[in-house]
Amino acid sequence: MLDSTNSYLIRNKSVYLKHGTIPVIVSELQTKGRGTSNRNWFSNLGGCLTFSILWQYKHKIQHLPSLGLVVGVSLIRVFRNLALTSVHLKWPNDLLYKNKKFGGILIECNTNEQISTAVIIGIGVNFKLSSNLASLVDYAVTDLYEITGYMLDRNQILALFLIELRHVLNTFENYGFHVFRNEWQSYHIYQGQNIVLRLPNRLNVEGIVDGVQDDGSLTLITSSGRKNFNVGEISLRAKS
Ligand code: BTN
């Protein structure tokens, strides 16, 4: 049991960096799991896969958000290889099934590092949520049990994630995000759709999703032209 696998790696980063390996920390239960936008990430014993890896990126990272998109691609590839063809991504880093969230990614790093960047990549996937836990979050959630009708083997999925992650991180390091861009867009549930983007200052922007840029930003065609956004939360625009 840990507070949070991301927090654990942040505290112990220097120990692991000395070894030159890619550590993976998996927790059966997190007591203070963290999500994006300072949210909590809730999980129940045996019901979730929660893990983090510490990855030493060879360069100073330019576009951290695009790394999150690449991690999303690796997770979707694993699910689609298992014939779960209806799983999608929602910009920037949500795993969705029929508009319900079943997983997320939290990337943290110290962007002041000059030569290389130690990045902590935290991943949480719901396998079988308890009913009281599902009621704690303010968005629609689901889990792999509901999606597939059976309990997938968490160890097996973890192994598949790690193999795919290693592969995509190497490609990202050598070639950047643009080689993943079309694939990411093909997985995006809102590609080409009319959406509302809620900005941190609570302003809403309406537009049609026109993909993502190499820096990971979301492009919208709005009434005042094509615009890129680095932050915000998407929801579907209600039909009028
Ligand atoms: C999100 O809000 O969508 C991101 C969720 C990320 C959760 C994972 S679980 C493993 C790792 N440790 C944490 O505390 N958070 C991430």
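## A tour from Gln30 outward

Select Gln30 and Thr5: the side chain of Gln30 reaches the backbone nitrogen of Thr5 at 2.8 Å. The model is predicted, so local features need pLDDT of at least 70 and side-chain atom pairs count only at pLDDT 80 or more, while totals for chains, interfaces and linings use all residues. Residues are numbered from 1 along each chain as its sequence is written, and side-chain values use heavy atoms, with hydrogens and water left out.

**Stop 1: Gln30**

Stay on Gln30. It sits in the loop between strand 1 (24-27) and strand 2. Helices (H or I, at least four residues) and strands (E, at least two) are DSSP runs, numbered from the N terminus. Is Gln30 buried or exposed? It is buried, because its relative accessible area is 9% (buried is under 20%, exposed over 50%, partly exposed in between, with a 1.4 Å probe and protein chains only). Now show the ligand. A polar side-chain atom of Gln30 lies 2.9 Å from a nitrogen atom of the ligand.

**Stop 2: the ligand**

Select the residues around the ligand. There are 20 of them, and Ser4, Gln30, Arg34, Thr36 and Lys101 come nearest (a residue is near if one of its heavy atoms lies within 4 Å). Turn to Ser4. An N or O atom in the Ser4 side chain is 2.7 Å from an oxygen atom of the ligand. Go on to Thr36. Here a backbone N or O atom lies 2.8 Å from an oxygen atom of the ligand. How much of the ligand's accessible area does the protein cover? On its own the ligand has 420 Å², and the protein covers 99% of this (Shrake-Rupley method, 1.4 Å probe).

Draw the cavities next. The largest cavity is the space taken by the ligand. A cavity is a set of points, on a 1 Å grid over the protein atoms alone, where a 1.4 Å probe fits but cannot get out. Now color by element. Helix 1 (5-19), strand 2 (48-57), strand 5 (100-109) and strand 6 (117-126) each give two or more residues to the shell around the ligand. Which element gives the largest share? Strand 5 does, with four residues.

Recolor the shell by residue class. It divides into five nonpolar, 12 polar and three charged residues. Ala, Val, Leu, Ile, Met, Phe, Trp, Tyr, Cys and Pro count as nonpolar, Asp, Glu, Lys and Arg as charged, and the others, Gly among them, as polar.

**Stop 3: two positive phi values**

Select Ser37. It lies in the loop between strand 1 and strand 2. Its phi is near 50 degrees, a positive value in a residue other than glycine. Ser37 counts as exposed because its relative accessible area is 56%.

Jump to Asn99, in the loop between strand 4 and strand 5. Asn99 is not a glycine, yet it has a positive phi of about 65 degrees. Its relative accessibility is 40%, so Asn99 counts as partly exposed.

**Stop 4: a cis peptide bond**

Show the backbone from Trp91 to Pro92. This peptide bond is cis, with omega near 0 degrees. Pro92 belongs to the loop between strand 3 (87-90) and strand 4 (94-97).

**Stop 5: Arg77 and two glutamates**

Select Arg77, in helix 2 (residues 64-81). Which side chains does it contact? One is Glu164, joined to Arg77 by a side-chain polar contact of 2.8 Å. Another is Glu183, whose side chain makes a polar contact with that of Arg77, also 2.8 Å. A polar contact is a pair of N or O atoms within 3.5 Å; within protein, one must be able to donate a hydrogen and the other to accept it, and residues adjacent in sequence count only if both atoms are side-chain atoms.

**Stop 6: loop pairs**

Pick Ala140, in the loop between helix 3 (131-134) and helix 4 (144-148). It is partly exposed, because its relative accessible area is 43%. Add Lys100. The two are 40 residues apart in sequence, and their C-alpha atoms are 4.9 Å apart in space.

Next, Gly46, in the loop between strand 1 and strand 2. At 26% relative accessibility, Gly46 is partly exposed. Measure to Arg154: 108 residues away in sequence, 9.0 Å in space, C-alpha to C-alpha.

Finish at Val231, in the loop between strand 10 (225-229) and strand 11 (233-236). Val231 is partly exposed, with 45% relative accessibility. Add Leu220, 11 residues apart from Val231 along the chain; 12 Å separates their C-alpha atoms.

Definitions and conventions: 1 Å grid on protein atoms, 1.4 Å probe; cavity = no way out; pocket = protein on both sides within 12 Å on 5 of 7 lines; lining within 4 Å. Sits in = over half its atoms within 2 Å of the grid points.
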